[in-house]
Structures are given as C-alpha cells and as structure tokens.
Amino acid sequence: MVMNGKIVYLEKKLGEFRKFPLSLVPTPCHRLNSLSDTYGVEIYCKRDDLTGFGMGGNKSRKLELLIGEALKNGCDTVVTSGGIQSNFCRLTAAAGAAAGMSVSLVLGGKKPPKPTGNLVLDNLLGAHIRYVDSPDWNKWESESEKLTGELNKQGKKVFRIPIGGSVPVGVVGYITALLEIINDERRLGVTFNQIIHATGSGGTQAGLVVGKDMTGWPGTINGISVAMARDGIEKMIFKLASETAGILGGKMERESIKLDDGYIGPGYAVPTPEGERAIETFARREGIFLDHVYTGKAASALLNWLEQGKLSGQTVLFLHTGGHPELFA
Ligand SMILES: Cc1ncc(COP(=O)(O)O)c(C=O)c1O
C-alpha cells in the first residue's frame, strides 16, 4: 500500500539532488476516450511527450538532474552518444545549450546527405557531431570515451553521459515521475493497475520501479523492450534500480521488474508492421503522435494485450515517452 510517510521521505531525499529545471511538470494525464470505449477497458495516457523542453520526451526528466550534476562538478562540456535519431542526444543538445555548455554528440550511423528529424534539431542547437558507422552500442560508447579524453586534453571539463542517461542520477528523474503518477491517480480519482511504456536503455523503468518499491505503489510496471532481449535488459535494470535505491536508503525486489521483448521485431529502430498500425491508431483515434523506435512498439504491445483480453477489468496507464521528431526522419 502507498504510505504517505514513505512519499514524504522519498520527496525529501529527491530534493537533495541538484536540479537544472527543464521540464514543465506535472505533465498532463488523461483518459483515452476512443480507445477506452472501443476495448471496454479504462485506458489513460501520461503525456511525457509534453514535458515541454526541447520538443519534449522522457529524457528531459533525466537531463535536469544530469545537467545539475554537471554544473555542480564545474563542467563546461557535455559528451554523450546515441543513434542518429536519438531523442536523448537531441535533448542533451538542448539542455546543454540552455545551461551555457558545449555539447558533443557521438552518433551511430553514416552521416546522411541531408539531416532529417532529430538531426535537424541537433544541428540547430549547435551540437558538435561525430559519426561512428556502426549499429553497435558498445562502439558508440567507446568513441564517446575517446572523444571525452580528447576534449579533456584540450582543457575542457567534460561531463560524459552514457547512452540514454541511464545512470543513478538520471534515474532519479523517473522516481519523481512515479510520485507524479500517484498524484494523478488522486486528482483523477482512479487507481492504475498497469503502466505500459517503452524501455530502451532502462533508466525510465528503473526510476519507476524504485518509486514503486520505495512507496509501496501496488500496480505493475511493464517495460516493452525495443532493443534488448529480456534477460539482458532485466539484469541491467535490476542493477541500476538497486544502485539508485541504495543511494536513497531503499532496496529493490527483482519481481518488480516486468519486461516483454516480443515487440522488438527485426531490431532496434527497425519499424514493425504492428508498430506502424499502433502509430496510425493513436493518430487517427486519439490525435496523438507516436514514433517508430519507442512508443509505436510499446503501443503495439498495448493494443495486442487489449485484443487478447489480457487487460480486461484493469485500469491501464500508457506512459507516452515522446519521440515524435523521428516521424520526420
Ligand atoms: C521516446 C523514447 N521513449 C522511451 C525511451 C526509453 O527510455 P530508457 O532509455 O530510459 O529506457 C527513449 C530513450 O531514448 C525514448 O527516446
């Protein structure tokens, strides 16, 4: 059961982190009327696509803590890596710009003849870009480390952020989101039994599950993996969540981490027909834009579970984590 005392304790602990505020929160949370009526299931949407900063998305919640930490450490430069259409890289470029820091991005893939989607925004934000022609996330990380070394040698004070900002300081941003969801429940007079959201590098889910275990929130948090097979990503999330909970004086239960890797399709960032259908359904039924890499695949799981009757009698929260600039890629 959610205990008010536990919430007060957690809020106090979270308040000890230095923050560089970026997100316009609380984000809206509302019923998806057309889908709820069609499936006879109460479905709500938490609009973290509308965090407001740098075209929105889940990563602004992580970045306000990461940039806060960078500023606390006196850094003047941020380095991170991701795919060419990375939302995290776009938002890092925006957050660094707002904080007066130089931003260098290592992007996985070939430099395209003409920038599209997030890459247009990275350029507009003044980020320095280095391309690594490989789909391998480990290669992006090692190039990002190499670049950090080069910039440090040039006298810069670099804050390097691993892929997706999935380190304990970033994860804290999604513990706050779970507290916000508990407030949404109270405001709307509903109890969410299931949260469904896209999982990539795992930080979003790690934050939500730490929030669940440290408050006693009783619902189930379902991460729909868009990149990694279940065992690998589950281990990563458990490690990250345990480290983060440890810093806050809490502990994690492995059973709190639920993942489904059945909607990845051929691979990370490769569109699937089910994802395409979910993107169309959300646009045409609800006027909400998803993306091919993350939220389209998460929504394809939601629609499939609804069609299989798996969510009958439940009140479901779809956490929309953003990503729509990718639609223009
Ligand atoms: C739109 C969107 N949704 C979900 C995710 C997944 O978040 P995480 O990497 O914290 O698992 C990302 C990560 O980049 C994202 O950009």
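Biologist: What makes strand β4 and β5 a pair?

Modeller: Strand β4 covers residues 102–108, and 5 bridges link it to β5 in the parallel sense. Two strands pair if DSSP finds at least two bridges between them, so β4 and β5 qualify. One contact to look for is G108, whose bridge partner in β5 is V132.

Biologist: What kind of model is this, and how are residues numbered?

Modeller: The model is predicted; local features need pLDDT of at least 70, side-chain atom pairs count only at pLDDT 80 or more, and totals for chains, interfaces and linings use all residues. Residues are numbered from 1 along each chain as its sequence is written.

Biologist: What is the strand order in the open sheet of 4 strands?

Modeller: The order is β5-β4-β3-β6, with parallel pairing. Strands here are DSSP runs of E with at least two residues; helices are runs of H or I with at least four; both are numbered from the N terminus.

Biologist: Why is one side of β5 and of β6 left without a neighbour in the sheet?

Modeller: β5 (128–132) and β6 (158–161) stand at the edges, and each has a single partner strand, so one side of each stays free of a neighbour in the sheet. From one strand to the next, the twist averages 20°. The axes behind such angles are lines fitted to C-alpha atoms (for helices, over the stretch in contact), and angles run from 0 to 180 degrees between N-to-C directions.

Biologist: What is the pairing in the open sheet of 6 strands?

Modeller: Mixed, in the order β1-β2-β10-β7-β8-β9. At its edges are β1 and β9, each pairing on one side only. Neighbouring strands are turned by 25° against each other on average, direction ignored.

Biologist: How do you know that β1 and β2 pair, and in which direction do they run?

Modeller: 3 bridges join β1 (residues 29–31) to β2 (residues 42–47), and the two run antiparallel. In β2, C45 is the bridge partner of H30. β2 also has 6 bridges to strand β10 (residues 315–320), this time running parallel.

Biologist: Which residues stand opposite L317 in β10?

Modeller: Y44 stands opposite L317. I195 stands opposite L317 too. Between β7 and β10 there are 3 bridges, and these strands run parallel.

Biologist: How do you know that the length of α8 fits its number of residues?

Modeller: α8 has 13 residues and spans 18 Å from its first C-alpha to its last, close to the 18 Å expected at 1.5 Å a residue. The expected span is 1.5 Å times one less than the number of residues. After α8 comes G216, with a positive phi near 80°.

Biologist: Why is α8 called largely enclosed?

Modeller: 13 of its 13 residues are buried, so the rest of the structure largely encloses α8. Buried means that 20 or more other C-beta atoms lie within 10 Å of the residue's own; exposed means 12 or fewer; partly exposed lies in between, with C-beta atoms placed from the backbone.

Biologist: How many residues of α11 are buried?

Modeller: 10 of the 13, so α11 is also largely enclosed by the rest of the structure. Among them are K297, W305 and L306. Helix α11 covers residues 295–307.

Biologist: Why does M55 count as partly exposed?

Modeller: M55 has 19 C-beta neighbours inside 10 Å, so it falls short of the 20 needed for buried but exceeds the 12 allowed for exposed. Its place is the loop between β2 and α3 (59–72). Phi of M55 is near 75°, a positive value in a residue other than glycine.

Biologist: Is A269 buried or exposed?

Modeller: Buried, because A269 has 23 C-beta neighbours inside 10 Å, against a cut-off of 20 or more. A269 lies in the loop between β9 (258–260) and α10 (273–286). Its phi is positive, near 70°.

Biologist: What joins V25 and P26?

Modeller: A cis peptide bond, with omega about 0°. P26 sits in the loop between α1 (4–14) and β1.

Biologist: How many residues surround the ligand, and which are the closest?

Modeller: 20 residues surround it, and the closest are N87, G200, Y294, T321 and G323. A residue counts as near if its C-beta atom, placed from the backbone, lies within 6 Å of the molecule. The elements giving two or more residues to this shell are α4 (87–98), β7 (194–199) and α8 (203–215). The largest share, 3 residues, comes from α8.

Biologist: Which domains does the shell around the ligand draw on?

Modeller: It takes at least three residues from each of domain 1 (4–57 + 167–328) and domain 2 (62–164). These bounds come from an automatic or database domain assignment.
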